[in-house]
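User: Could you walk me through this model and explain what stands behind each label you use?

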Number of protein chains: 2
Amino acid sequence: MTKKDSLYQIYEAALNVFAKYGYKKATVEDIAKEMGMTKGNLYLYVKSKKDLYEKTVAHGLLRWQAKVREEMEGQDDIVKRFVIMCTKAFEYLSKDRALRAVLINDPTIFPLSPREDRFTEINRASMDMLKGVLQTGIEQGRFHKIDVDHTTQFLFSIYVMFIIKAYVKSEGRSTQAMFDEGLGLILRGLLKNER
Amino acid sequence: MTKKDSLYQIYEAALNVFAKYGYKKATVEDIAKEMGMTKGNLYLYVKSKKDLYEKTVAHGLLRWQAKVREEMEGQDDIVKRFVIMCTKAFEYLSKDRALRAVLINDPTIFPLSPREDRFTEINRASMDMLKGVLQTGIEQGRFHKIDVDHTTQFLFSIYVMFIIKAYVKSEGRSTQAMFDEGLGLILRGLLKNER
DNA sequence: TAAATGAACAAATAAACAAATTGTTCATTT
DNA sequence: AAATGAACAATTTGTTTATTTGTTCATTTA
């Protein structure tokens with residue numbers, strides 16, 4: 001087995017253990033056991049517990065991102081693509097129990113403030129996805145000529161807010177209706193009146 | 001001096017002390033001294049330190065709310081009223097050093113989640129203000145016929161998010177541009193095309 | 001007599017230290 | 001080359017004591 005495959009499996013195992021116990025309570029030995037190895041051996045693959053944790057979370061976030069990208073690329077119409085992107089990104093966590101548990105245990109993973117963000121690169125890529133959709137929408141004359149950068153920041157912040165409300169604060173039910181209404185409102189603000 | 005006046009003065013003094021030291025470090029004696037009295041005497045007016053804190057914060061929040069209400073009631077046009085309400089509510093904290101300091105020290109005062117809100121009544125009143133504006137806008141045929149309740153929740157959540165970003169996380173500068181762009185977007189989503 | 005004081009007490013917090021757990025390394029084994 | 005487990009270092013936890021701070025109330029003051 002290649003080192004890359006090993007790492008993939010380690011991250012999967014670690015994600016489950018961190019989901020179950022949280023960062024603090026999970027021991028390196030717990031994670032090693034989950035993989036059927038000793039902690040000494042695990043250290044041949046990872047630098048430290050903290051490093052393992054960050055890499056594990058990044059692994060989970062990238063899978064989330066990949067899923068959304070995959071789903072939206074199935075859409076040709078840019079407006080539909082925008083809607084799919086928003087809804088799929090929002091609903092994803094309801095299907096990833098482990099990552100959801102990790103996020104609930106450590107909400108600093110998805111901070112409202114970019115300055116506190118430990119996963120800048122990943123989130124920058126997500127924002128670039130969003131930015132690309134807005135840009136295309138404008139170029140195709142479907143969206144108003146808005147300030148793309150600030151609108152991207154604005155929408156991404158709202159997105160983070162919804163994730164926190166729905167999954168960290170567990171206001172799932174009431175948040176869903178808010179999300180639908182909010183998406184409608186924003187879409188109306190983006191769309192040019194087509195004739 | 002009436003008891004009501006005394007309480008008003010106590011809250012003012014307490015706000016300054018809590019602003020300076022934060023809840024934990026501020027002692028009841030500090031606050032009593034700020035008023036030139038002894039802590040034993042202060043206890044004739046307040047139930048406990050915690051109770052004093054909550055009442056003090058409520059006092060600050062109500063002043064904020066009153067200021068916004070006052071400013072927006074100077075506007076007849078409902079769309080302008082909406083804009084004034086949003087901008088004044090957002091900028092208020094930049095002018096209230098003490099309340100801002102207290103909020104920075106204790107962000108749970110203004111939580112993203114209604115369930116964690118200790119000032120439900122005050123915030124419900126704020127939301128009612130917002131809801132009233134939306135309702136009037138619809139009745140006057142200026143706003144689309146949106147779901148008023150969910151849109152109110154949505155907009156209030158965004159408002160809380162902006163307060164946190166701008167004042168708690170101190171992202172003032174970059175948040176301002178986001179706010180302006182976001183307000184424009186939402187306004188476009190609300191407004192009916194008038195002819 | 002209403003408002004304020006300060007001593008007295010209870011509750012919470014901080015400091016100091018020992019004991020136990022857990023993160024990390026590495027010489028040795030598989 | 002990959003894995004082990006003993007050894008060690010760093011943290012965390014538990015416990016006790018000392019100190020501070022919150023709260024009450026009999027007494028004093030204006």
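**Labels and the values behind them**

Analyst: Happy to! Chain A holds nine helices and zero strands, where helices (H or I, at least four residues) and strands (E, at least two) are DSSP runs numbered from the N terminus. Its pattern along the sequence is α-α-α-α-α-α-α-α-α. The model is predicted, with local features needing pLDDT of at least 70 and side-chain atom pairs counting only at pLDDT 80 or more, while totals for chains, interfaces and linings use all residues. Residues are numbered from 1 along each chain as its sequence is written, and chains are lettered from A and ligands numbered from 1 in the order in which they are written.

User: Why is A:V133 called buried?

Analyst: A residue is buried if 20 or more other C-beta atoms lie within 10 Å of its own, exposed if 12 or fewer, and partly exposed in between, with C-beta atoms placed from the backbone. A:V133 has 24 C-beta neighbours inside 10 Å, so it counts as buried. This residue sits in helix α7 (residues 120–139) of chain A. Across chain A, buried residues make up 31% of the 195 residues.

User: What does A:V133 touch, not counting residues up to four places away in sequence?

Analyst: With that exclusion, A:V133 touches A:I78, A:R81, A:F82 and A:M85; a contact needs C-beta atoms, placed from the backbone, within 7 Å. In chain A, 63% of the contacts with a separation of 6 or more are between residues 24 or more positions apart.

User: How do you know that the length of helix α4 of chain B agrees with the expected span?

Analyst: The expected span is 1.5 Å times one less than the number of residues. For the 24 residues of α4 (residues 49–72) of chain B that gives 34 Å, and the end C-alpha atoms are 35 Å apart, so the two agree. Its buried residues are B:L52, B:Y53, B:T56, B:V57, B:G60, B:V68 and B:M72. They pack against α1 (3–25), α5 (78–91) and α6 (97–105) of chain B.

User: What makes the relation between chain A and chain B that of a two-fold axis?

Analyst: Copies are superposed by least squares on the C-alpha atoms of residues with pLDDT of at least 70 in both. Chain B falls on chain A after a rotation of 180 degrees with 0.0 Å of shift along its axis (RMSD 0.0 Å). That is the relation of a two-fold axis. The same surface serves both copies, as 100% of the contact residues of chain B recur in chain A. Of the residues of chain B, B:G189 comes closest to the rotation axis, at 1.9 Å (C-alpha).

User: Which residues make up the contact between the two chains?

Analyst: The contact takes 27 residues from chain B and 27 residues from chain A. On the chain B side, α8 (148–168) and α9 (172–190) give two or more residues.

User: What makes a residue count as near DNA strand D, and which ones do?

Analyst: The C-beta atom, placed from the backbone, must lie within 6 Å of the strand. Among the residues around DNA strand D are A:M37, A:T38, B:T27 and B:K49. At least two residues each come from α3 (39–42) of chain A and from α2 (28–34) and α3 (39–42) of chain B. DNA strand C is surrounded by 13 residues, the closest being A:T27, A:G40, A:S48, B:G40 and B:N41.
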